[in-house]
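Trainee: Please take a close look with me at the side-chain contacts of this chain, beginning with the aromatic rings and going on to the charged groups. I would like each term to come with its cut-offs.

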Amino acid sequence: MSTDPFEQMTPPRRSGRGITIVLIALGLLFALFFAGAGYYTDYLWFKSLDLQGVFLRVLFSQLGMAAAVGLVYALFLLVNLSVAKGSFWQLQRRMVGTPWEHLFTSRGYWLLGILASLVMGLLAGAALSGQWPVILRYLHSSPFGVADPLFGLDVGFFVFSLPVLELLYQTLFGMGLVALAAVTAIYFFSGAFSFNEGGGISISPRMRAHVSALTAFLFILKALGYRLAMFNLVYSQRGAVFGAAYADVHAQLPGFYILMGIALLLAILLIVNIWLQRWRLFIGGVIALGIASVVVGSAYPTVVQQFVVSPNEFAKEQKYIEYNIQYTRLGYGLDDVVVSDFPASENLDRQDLDANYETVNNIRIWDVRPLLQTYAQLQGIRPYYVFKDVDVDRYTINGRYQQVMLAARELDPERLQERAKTWVNQRLKYTHGYGVALSPATAVTTEGLPVFLIKDIPPRSSIDLEVTEPAIYYGEVAGDYVIVRSQEEEFDYPIGERNAMTTYQGTGGVRIGSLVNKAAFALRFGSYRILLSGAVTPDSRVMMYRNIVDRVERIAPFLTYDQDPYLVINDDGKLYWILDGYTVSDRYPYSEPIGGGVNYIRNSVKVVVDAYNGSVGFYIIDEQDPLVRSYAGIFPDLFQPISELPEGLLNHLRYPEMLFRIQAQIYANFHMDDPMMFYNKEDSWSIPNEVFGDKKQPVEPYYTIMRLPDGEEAEFVLLMPFTPLQKDNMIAWFAARNDGEHYGELILYRFPKDTLVFGPAQIEARIDQDAVISQQLALWGQRGSQVIRGNLLVIPIADSLLYVEPLFLQATGNQLPELKRIIVAYGDNVIMAPTLEEALATIFGAGQGQPALPSTPGVAQPGLAQLLEQANQLYDEAQAALRAGNWALYGERVAELGRVLEELQAVVVAQ
């Protein structure tokens, strides 16, 4: 024994294990605080939108789902472990004298069993907590009013009930497998299961009874699985079309019944075997099930498909082809398409153009892509302002219904100079975009630039449409959080060499209010500056989820959203974003799926976001959709009827391009009623190609204002042409109506099959082959300019079709495309002119308001009096065109007036 007093005074060393435990505890505590801060600030955010009920419903649904699954899972495992404990004493006896003897006690068994059950329950609950929409949709389900043709069940069973049954089956089967594996391991290590000297198997009565009961439970579930597999035949892809076909109905379906019977018989044998102890009978049954699974579950249906169906496929599949056509149309909302004939004649004259002046005056000559660059160059004002997109819409301007192009001027803090990218600048000062740019879709200056009706900063309007609140805090570009109403004034907009400053006066964002909230936001965003900055006060407001798509997805993630929101100027001059929300499903029987397996889609919700305050409204536009009715039942405080939408916004609802594109792709085949024609694809259509720039691409749906055949007045319409499959001539055009009570109506206009109607690709080829046009295009290319061919628009007028394509020039190294020519094709004519009106005049002759022809070189210049008279006349004509809403003519007259004034100045100087 040591006698060193200092050695005796040395304190005991701290265990490294203790330090590790402390560090782990601190890490878990920090993670808990971090996660808690995220949930807490999200709650504050939902509360600021008066949607805390939505947040709590989702949160409690997730927790309830996790708790219910976890509790059932844990109890089921614990009960099975309790039953298996009867063999544990054998394992205890085997551990006597080993270093682990103290672990194998009755208390240790229970502690370990409870811990294992809880862990598995937590894992299962966490894994299934995200399935809450499946359960809640079922609890708030409503019928579709359509029965599937195979089982006669309402489609609501497949959309709402079947997913719940499958979830229940998968959960119980997984739970049974885990329990079986756990108790088998306990029995094996306890010696309840062993091999005897004769090569046989010795199993204790307890193990035999327990394992037999669990296995029987699994076979009962397997029988349920076969029953559910029967319902899933309506999604089969074995036959000629999607959905249950001949082999599925006459071979696969009976096979599932046989397999279900065998599984139930095996479950009964297992229960009986607890007393009979005849394992060979059970093993024989398992082998029989395996063989039956191969024979009747796979081989027999394949044989039927190959040797019964394939030799006479149409005769066997005709009924199922009819189901596929009918239910695909129902799934995509194509069952009410109005089909009309369109003669596509070539008797259009000037009188028809004048009679359809609303259509002619709204032919869009501006392509969105080059116009976006032009907006950025002319209206960007500062490097940190960006235009994310240009949207097509319609407004009543000066009493006339006009098609316009509109873009929001948003602020991107990432475009600040590097030295200006400070926390204060990016979070407190540069918080919002400012204003919009708006121009007619039909007007162009003589320089090839848009005629801006609303422009500059602050916004200046030359029409009876004003922007009263131009600040844009929420948009397509806005992303990360900002803090407003702080001690730092916000940058509002530039004024010459200085900046206008402002303080946010709206209701958007979360009021900080307390030190606890301040700390929570600091922890959430990982920024100590929020906590320490004196500029952030209790009255400051934190704006987060400012990207409008992210914003609505955070509120209602169960909807699918269009990725192209558009901006609207309301009647009161405030700015709002409108997004299209879709309900989708992959569970509609017999409906042909598209990408991702979706085979049911409805644009049932219009979402409106205030660009200044960030308030969000979800408006139900399709109350016939059972899915949206289910969501409205789950979240009664979230949805409102479309009648609650302000009229100024209601007038700007658009039929979404994304939905229309999907419907057009589906309808290209599913317009055929005759199953024989459908089977042989005799009348399949396709989306035509056009040239943009110098590349071919599919035609995109496009909006226009036009008077439909037999229509009483012009309306906003979304169009798409069709061509026969692998052909370039047009066969039909598809239209979606957007205005008033006709919103959402789909119309198909079919052309005579004995008449050749040029398609977009053929018109593009004729443009390329035109000697005058091709020579001019080559000349521009040789001068270092890039020729951009815009969208080729097919415009129905009266009983004929007019083709219009704008040409843009962009100098090398220049980001300012200019609209230089308009190409118009009709019949045998392909004309390129500086303006649309001139091109139309060349083909059809001059009409009302037709501009004068360009002056001829060499003619004597007019005198002072004549120039003054011309200037007055041009001014009067420009004002008349402005009042009439003819923006193309207005731009031309203003440009001519400018030239006359230049000549007038030259004459005055010369005198």
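Mentor: What follows goes through the ring pairs, then the charged contacts, and ends with a surface patch and a contact in space.

This is a predicted model, in which local features need a pLDDT of at least 70 and side-chain atom pairs count only at pLDDT 80 or more, while totals for chains, interfaces and linings use all residues. Residues are numbered from 1 along each chain as its sequence is written, and side-chain values use heavy atoms, with hydrogens and water left out.

Let us begin with the rings. A pair of aromatic rings is described by the distance of the centres and the angle of the planes. Rings of Phe, Tyr and Trp (for Trp, its six-membered ring) pair if their centres lie within 6.5 Å, and the planes count as stacked when under 30 degrees apart, as edge-to-face when over 60, and as tilted for the rest. The count by this rule is 50 aromatic pairs. One of them joins Phe 144 and Phe 160, a tilted pair with 6.0 Å from centre to centre and 40° between the planes. This pair links distant parts of the chain, since Phe 144 belongs to the loop between α6 (132–139) and α7 (155–190), whereas Phe 160 is in helix α7, 16 residues apart. Helices (H or I, at least four residues) and strands (E, at least two) are DSSP runs, numbered from the N terminus. As for accessibility, buried means under 20% relative accessible area, exposed over 50%, and partly exposed in between, with a 1.4 Å probe and protein chains only. Phe 144, at 15%, is buried, and Phe 160 is buried at 2%. A further pair is formed by Tyr 655 and Phe 660, whose centres are 6.2 Å apart and whose planes meet at 85°, so this pair is edge-to-face; both Tyr 655 and Phe 660 are buried. Ring pairs also link Phe 144 and Phe 160 with Tyr 320, Tyr 323, Tyr 327, Tyr 588, Tyr 590 and Tyr 600 into a cluster.

Rings also take part in contacts with charges. A charge sits over a ring if NZ of Lys or CZ of Arg is within 6 Å of the ring centre and within 35 degrees of the ring normal. Lys 222 lies in this way over the face of Tyr 226, at 5.2 Å from the ring centre, and the charged end of Arg 766 sits over the ring of Phe 758, at 4.7 Å from the centre.

Next come the salt bridges, each a side-chain nitrogen of Lys or Arg within 4 Å of a carboxyl oxygen of Asp or Glu. By this rule there are 27 salt bridges. Asp 248 and Arg 238 meet in one of them, at 2.6 Å from N to O; Asp 248 lies in helix α9 (residues 246–276) and Arg 238 in the loop between α8 (205–231) and α9, so the pair ties together parts that are 10 residues apart in sequence. Asp 248 is buried at 0% relative accessibility, whereas Arg 238 is partly exposed at 30%. Another salt bridge joins Asp 673 to Arg 329, with the closest N and O atoms 2.7 Å apart. Here Asp 673 lies in the loop between α21 (657–670) and α22 (675–680) and Arg 329 in helix α11 (residues 313–331), so parts 344 residues apart in sequence are tied together. Asp 673 is exposed at 59%, while Arg 329 is buried at 16%. In a third example, Asp 456 and Arg 460 meet at 2.4 Å, N to O, with Asp 456 buried at 19% and Arg 460 partly exposed at 48%. Salt bridges that share partners also join Glu 764, Asp 768, Arg 789 and Glu 805 into one network.

Asp 42, found in helix α2 (residues 16–48), is buried at 7% relative accessibility. Its side chain makes a polar contact (a pair of N or O atoms within 3.5 Å; within protein, one must be able to donate a hydrogen and the other to accept it, and residues adjacent in sequence count only if both atoms are side-chain atoms) with the side chain of Arg 524, at 3.1 Å. The side chain of Asp 42 is also joined to that of Tyr 545 by a polar contact of 3.0 Å.

Finally, Glu 818 lies in strand β34 (residues 818–826) and is partly exposed at 23%; Glu 818 and Leu 371 are 447 residues apart in sequence and 8.7 Å apart in space, C-alpha to C-alpha. On the surface, Ile 283, Ile 287, Ile 291, Val 294 and Val 295 form a nonpolar patch with about 450 Å² of accessible area together. Patches are made of residues with over 30% relative accessible area and no salt bridge, like charges being joined within 9 Å and nonpolar side chains (Val, Leu, Ile, Met, Phe, Trp, Tyr) within 5 Å; accessible areas come from the Shrake-Rupley method with a 1.4 Å probe, and for residues only the protein chains shown count as cover. Ile 283 has its place in helix α10 (residues 279–309) and is partly exposed at 46%.
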